[in-house]
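Please look through the model shown below, and then follow the account beneath the display from one element to the next.

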Amino acid sequence: MKQEILCQHCANETRGIFGCVFRDEATPYPHEHVKLVEGTAKQEYICDLCSEDIHIGSDCVAFSAWTDYGAQYYKWEDAFINIREAKDV
Ligand SMILES: [Zn+2]
C-alpha cells in the first residue's frame, strides 16, 4: 500500500485524477483502489507530492493507494492526522 500525506492543493488534484471529487474512495482501474482522508496534521510534514510545508494543525489529506493483489489497506491515518469525521450525507 502506498501512503502519502498531501497538502490540500495536491489532494484536490489527486481527487480529480482518480475521479473521486465527490467521494473520498474510488477504484480508478480494475483491482486498484485509492482513499483520501481529510484532517489536520499531528506533526510537521512535507507534502509528498509538491514538498510544501504542512504545519501542525493545518489541513492536509492522508492518501492511500493499493491493489487487490498487493498489500491490503489498513487504517493508518490517525497516527498522522487528526481525522475530520465525514459529514453525514
Ligand atoms: Zn502538495
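**A helix and what covers it**

On one side of helix α1, Gly16 and Ile17 are exposed, where exposed denotes 12 or fewer other C-beta atoms within 10 Å of a residue's own, buried denotes 20 or more, partly exposed lies in between, and C-beta atoms are placed from the backbone. Helices and strands are DSSP runs numbered from the N terminus, a helix being H or I over at least four residues and a strand E over at least two. This is a predicted model, in which local features need pLDDT of at least 70 and side-chain atom pairs count only at pLDDT 80 or more, whereas totals for chains, interfaces and linings use all residues. Residues are numbered from 1 along each chain as its sequence is written.

On the other side of α1 from Gly16 and Ile17, the buried residues of the helix are Cys10, Ala11, Arg15 and Phe18. Viewed down the axis of α1, these buried residues fall within an arc of 145 degrees, so they line one face of the helix; the arc is that of the directions from the helix axis to the C-beta atoms. The cover over them includes β1, β2 (25-26), β3 and β6.

Phe18 belongs to α1, which spans residues 8-18, and Phe18 counts as buried because 20 C-beta neighbours lie inside 10 Å. Leaving aside residues up to four places away in sequence, Phe18 touches Ala26, Pro28 and Val34, a contact being a pair of C-beta atoms, placed from the backbone, within 7 Å. Lys35 is 17 residues from Phe18 along the chain, and their C-alpha atoms are separated by 9.8 Å. After α1 comes Gly19, whose phi is positive, near 70 degrees.

Ala11 leads on to the core. The largest nonpolar core has 17 residues, and Leu6, Ala11, Cys60, Val61 and Phe63 have the most contacts inside it; such a core is a set of buried Ala, Val, Leu, Ile, Met, Phe, Trp, Tyr and Cys residues joined through C-beta atoms within 7 Å. At least two residues of this core come from each of β1 (2-6), α1, β3 (32-41) and β6 (59-67). Ala11 itself touches Leu6, Leu36, Val61 and Phe63, again not counting residues up to four places away in sequence.

Two loop residues remain to be considered. Most residues other than glycine have a negative phi. His31, in the loop between β2 and β3, has a positive phi near 70 degrees, and His31 is exposed, with 10 other C-beta atoms within 10 Å. Ser51, in the loop between β4 (45-46) and β5 (53-54), has a positive phi of about 65 degrees and is exposed, with 9 other C-beta atoms within 10 Å.

Notes: Two residues are in contact if their C-beta atoms, placed from the backbone, lie within 7 Å.
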